[in-house]
Amino acid sequence: MIRLHVTSPLAADAPVAPTLDQSRYLTQVMRLKAGDDLLVFNGRDGEWRAVVAEVLKKGVVLRAEEQVRPQTHGPDLELIVAVVKKARIEAIVEKATELGAARVRLVLTHRTNADRLRLDRLDAIAEEAAEQTGRLDVPLVDDPIKLDALLSGWDASRRLMFCDETGGAPAIKALTAAGQGPWAILIGPEGGFSPEEGERLRALPFATAVSLGPRILRADTAAIAAMGLWQAAVGDWER
């Protein structure tokens, strides 16, 4: 069944107003008509079965019928990734959503060299991935900030999985030893972190430096591999 992320509050008999683009998708692409069912979620009220109540010239009006799943949230995991080329960062946002990240934070490092980003495009990619994978929420995608500023304002209660291309502990073993709780995964830019950045990261008391294996990985591959290892060690794959 079609799933749609909406912003409207969801309750029995509540009207739901999709965006104009969503309305066009429902009527022109999926060919829904009045009386047809779909699923909607807003990240707060769970998932609801809704019905197309009216098809208007400039949009569609939905009506929430019944809740089919209560609201749940995935693990408290943030993916922090140095800005890379447009196609790769878009793939990272999509896969991070599929793999359960609650937030994607973009950072600028000493070796960042990338295209200008459209945050609205990244938000749309995250929303579509959440709709397709059965998530009940959509991860936040933050504006890029400098890595130094991010680390200076870090909440030390959140552990940091630092994917160190110069070498680190085997990921599964190190993560299991560190335990569950709020985590973030940090993926560096093309060319890796500068020596100064690496030295600072390795000195942080909340950081766990890990290796992603013997091969050099592109940023998008590294992000997927790191999230898979984290999920297997301390995430929600066993639930």
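## Helix 2 against helix 3

Helix 2 makes a right-handed crossing as it passes helix 3. This is a predicted model, so take everything here as read from predicted coordinates. The two axes come within 8 Å of each other and cross at roughly 35 degrees, with helix 3 covering residues 119–133.

On the helix 2 side, the residues that do the touching are Ile89, Glu90, Val93, Glu94, Thr97 and Glu98. They meet Arg121, Leu122, Ile125, Ala126, Ala129, Ala130 and Thr133 from helix 3. Sorted by class, this contact has 7 nonpolar, 2 polar and 4 charged residues.

## A glutamate in that contact

Glutamate 90 sits in helix 2, and it's worth a look of its own. Is it buried or exposed? Its relative accessibility is 15%, so glutamate 90 counts as buried, the cut-off for that being under 20%.

What does glutamate 90 touch, once its neighbours within four places in sequence are set aside? The answer is Arg121, Leu122 and Ile125, and these three turn up among the helix 3 residues that meet helix 2.

## Helix 2 against helix 7

Helix 2 (residues 86–98) also packs with helix 7 (residues 219–234). Here the angle is about 15 degrees and the axes are 9 Å apart. That's why helix 2 can be called roughly parallel to helix 7: angles under 35 degrees get that label. The handedness of this crossing is right-handed.

From helix 2, the contact draws on Arg88, Ile92, Lys95 and Ala96. Across from them, helix 7 supplies Ala219, Asp220, Ala223, Ile224 and Met227. By class, you get 6 nonpolar and 3 charged residues, with no polar ones.

## Two loop residues with positive phi

Most residues other than glycine have a negative phi. Two loop residues are worth checking with that in mind. Aspartate 13 isn't a glycine, yet it has a positive phi of about 70 degrees. You'll find aspartate 13 in the loop between strand 1 (3–5) and strand 2 (15–16). Its relative accessible area is 58%, so aspartate 13 is exposed, given that exposed means over 50%.

Arginine 31 has a positive phi too, near 60 degrees, and is likewise a residue other than glycine. Where is arginine 31? Look in the loop between helix 1 (20–29) and strand 3 (37–41). Arginine 31 is exposed, with a relative accessible area of 58%.

## Proline 195

Proline 195 belongs to helix 6, which covers residues 195–203. With a relative accessible area of 54%, proline 195 is exposed. If you want a distance to get your bearings, try valine 84: the C-alpha atoms of proline 195 and valine 84 are separated by 19 Å, while their positions lie 111 residues apart along the chain as a sequence separation.

## The whole chain

Stepping back, how many helices and strands does the protein have? There are 7 helices and 13 strands. The C-alpha trace spans about 60 × 35 × 30 Å along its principal axes.

Of the 239 residues in the protein, 46% are buried. The exposed area of the protein is about 12,300 Å², and carbon and sulfur atoms supply 51% of that. As for contacts, take those between residues at least 6 apart in sequence: 73% of them join residues at least 24 apart.

Note on methods:
Residues are numbered from 1 along each chain as its sequence is written. This is a predicted model: local features need pLDDT of at least 70, side-chain atom pairs count only at pLDDT 80 or more; totals for chains, interfaces and linings use all residues. Side-chain values use heavy atoms; hydrogens and water are left out. Axes are lines fitted to C-alpha atoms, for helices over the stretch in contact, and angles run from 0 to 180 degrees between N-to-C directions. Helices (H or I, at least four residues) and strands (E, at least two) are DSSP runs, numbered from the N terminus. Angles under 35 degrees count as roughly parallel, over 145 as roughly antiparallel, 65 to 115 as roughly perpendicular and the rest as oblique. A crossing is left-handed if the near helix is turned anticlockwise from the far one by less than a right angle, and right-handed if clockwise. Contact means heavy atoms within 4.5 Å. Ala, Val, Leu, Ile, Met, Phe, Trp, Tyr, Cys and Pro count as nonpolar, Asp, Glu, Lys and Arg as charged, and the others, Gly among them, as polar. Buried means under 20% relative accessible area, exposed over 50%, partly exposed in between (1.4 Å probe, protein chains only). Accessible areas come from the Shrake-Rupley method with a 1.4 Å probe; for residues, only the protein chains shown count as cover.
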